[in-house]
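Take a walk through this protein with its ligand. Keep the structure open beside the text and find each part as it comes up.

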Amino acid sequence: MSKKILVLYYTQTGQLEEILKSFLEPFSGSEHELEMIRVYPENDYSFPWSGKRFFREMPECASGSVVPLKPFSLKQKAYDLIVLGYQPWFLSPSPPVNSILQNADVKSVLKNTPVLTITGARNMWISALERIKKSLKESGAKHAGNIVLVDKAQNHVSVVTICYWMFSGKKDKFMGFFPKPGVSEHDIHHASVFGAIVKKHLEKGSWSELQNELFENKAVVINYNLMYTELKGSRLFGIWASIIKKKKNKDAWLVLFKYYLIIALFIAAPIILSLHTILVRPFIGKRVKKQFNYYSGVNYN
Ligand SMILES: Cc1cc2nc3c(=O)[nH]c(=O)nc-3n(C[C@H](O)[C@H](O)[C@H](O)COP(=O)(O)O)c2cc1C
């Protein structure tokens, strides 16, 4: 039986669109009706970013800001599946994604509808997804699956290469020897495997086993050190954001935040992580297992 699928997403560089197109390959030529909506902010973010503009987004993202979107309309009143493409910005959903989730028409179709979330991130997406899950729950959606594509380079390497990409606009090898930034072409291409899995469950009309199968096929891979760093970082970003939002000289504070971030990422985090790995992690096995299970699924507290 033909199913109605709505795909909603924002993308700045086009990476998430490439991922979604690959993911949707198994649906092309099928009997299913696919509606793909790429949203655009009224005032889109200029790309490449300037350093100032980039860091100005931090308090906005951490405080869950929305931005006005160019009008869009949905063809249907109800869907069999909604695919939501999102990207984390400063460990929170990007403001255009928040805006999608706050749109009245979207909220109305989300109610009682299975939703699949999919991201193309650097490597820290957990806190953003937690916020998205909160919005999905408020709209009465049924979160059926989650797919995560990340830059698999070592964390500090991907910080360097994503900065090069974001500030130059070039998705190529920084200085000729760094790896290419972002999700690899291989992984983008491989997203069609996840599409085939989702299609199978959609046609069966049963979602209970979807995330298990996606997980078995490595659609979500949890890295403990990244998870630990991100969960700490997300709390700290929240504190910084609430301080900066109240300040008159925000730009000066954002310069301070930028240096804090560099020191935190390249000096403090590796020291704290090493101490944690030696002194704490061996004794919190059960808690770690619980966290792994929780974040690799589509679970709600
Ligand atoms: C302002 C900004 C902040 C970002 N913060 C994060 C982040 O916290 N975690 C992460 O994994 N990726 C982060 N990224 C990378 C994006 O999630 C995404 O991978 C990249 O921007 C490409 O997405 P696109 O499809 O919108 O072009 C950030 C990107 C931008 C522009």
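Start in a loop. Asn112 sits in the loop that links α4 (104-110) to β6. Its phi angle is near 60°. That is a positive value, and Asn112 is not a glycine. Keep in mind that this is a predicted model.

A second loop also deserves a stop. Between β2 and α2 runs a loop that holds Pro48. The peptide bond leading from Phe47 into Pro48 is cis. Its omega is near 0°.

Now step back to the whole chain. The protein chain is split into domain 1, residues 4-221, and domain 2, residues 227-290. Their C-alpha centres are 24 Å apart. The two domains touch: 14 residues of domain 1 are in contact with 16 residues of domain 2. Which helices supply the side of domain 1 that touches domain 2? α2, α5 (126-138) and α6 (155-168) each give at least two residues to it. The largest share comes from α2, with six residues. By class, this side of domain 1 has nine nonpolar, three polar and two charged residues.

Follow α2 across to its partner. It packs against helix α10, residues 250-279, at an angle of about 90°. The two axes are 10 Å apart. An angle from 65 to 115 degrees counts as roughly perpendicular, so α2 and α10 are roughly perpendicular to each other. From α2, the contact uses Lys52, Phe55, Arg56 and Met58. From α10, it uses Asp251, Leu254, Phe257 and Lys258. What classes do these residues fall into? Four are nonpolar and four are charged, with no polar residue in the contact of α2 with α10.

Next, find the sheet. It is an open sheet of five strands, in the order β2-β1-β3-β6-β7. The pairing is parallel. In general, the strands of a sheet pair through backbone hydrogen bonds, in either a parallel or an antiparallel way. Why do β2 and β7 each have one side without a neighbour in the sheet? β2 (33-38) and β7 (142-150) stand at the edges, and each has a single partner strand, so one side of each is left free of a neighbour in the sheet. Neighbouring strands are turned against each other by 15° on average, with direction ignored.

Zoom in on one pair of strands. Strand β3, residues 81-86, runs parallel to β6, and five bridges join them. Here Tyr86 stands opposite Thr119 of β6. A helix lies against this sheet too. Helix α7, residues 185-204, packs on the sheet and touches β3, β6 and β7. The direction of α7 makes about 165° with that of β7.

Finish at the ligand. How many residues surround it? There are 19, and the closest are Thr13, Leu16, Gln87, Ala121 and Arg122. Four elements give two or more residues each to this shell: α1 (15-24), α2 (51-62), β4 (88-89) and β6 (114-121). The shell divides into 10 nonpolar, seven polar and two charged residues.

Some elements have now come up more than once. α2 gives residues to the shell around the ligand, and α2 also supplies six residues to the side of domain 1 that touches domain 2. β6 likewise gives residues to the shell, and β6 is a strand of the five-stranded sheet.

Key: Residues are numbered from 1 along each chain as its sequence is written. This is a predicted model: local features need pLDDT of at least 70, side-chain atom pairs count only at pLDDT 80 or more; totals for chains, interfaces and linings use all residues. A residue is near a molecule or strand if its C-beta atom, placed from the backbone, lies within 6 Å of it. Ala, Val, Leu, Ile, Met, Phe, Trp, Tyr, Cys and Pro count as nonpolar, Asp, Glu, Lys and Arg as charged, and the others, Gly among them, as polar. Domain bounds come from an automatic or database domain assignment. Two residues are in contact if their C-beta atoms, placed from the backbone, lie within 7 Å. Axes are lines fitted to C-alpha atoms, for helices over the stretch in contact, and angles run from 0 to 180 degrees between N-to-C directions. Angles under 35 degrees count as roughly parallel, over 145 as roughly antiparallel, 65 to 115 as roughly perpendicular and the rest as oblique. Two strands pair if DSSP finds at least two bridges between them.
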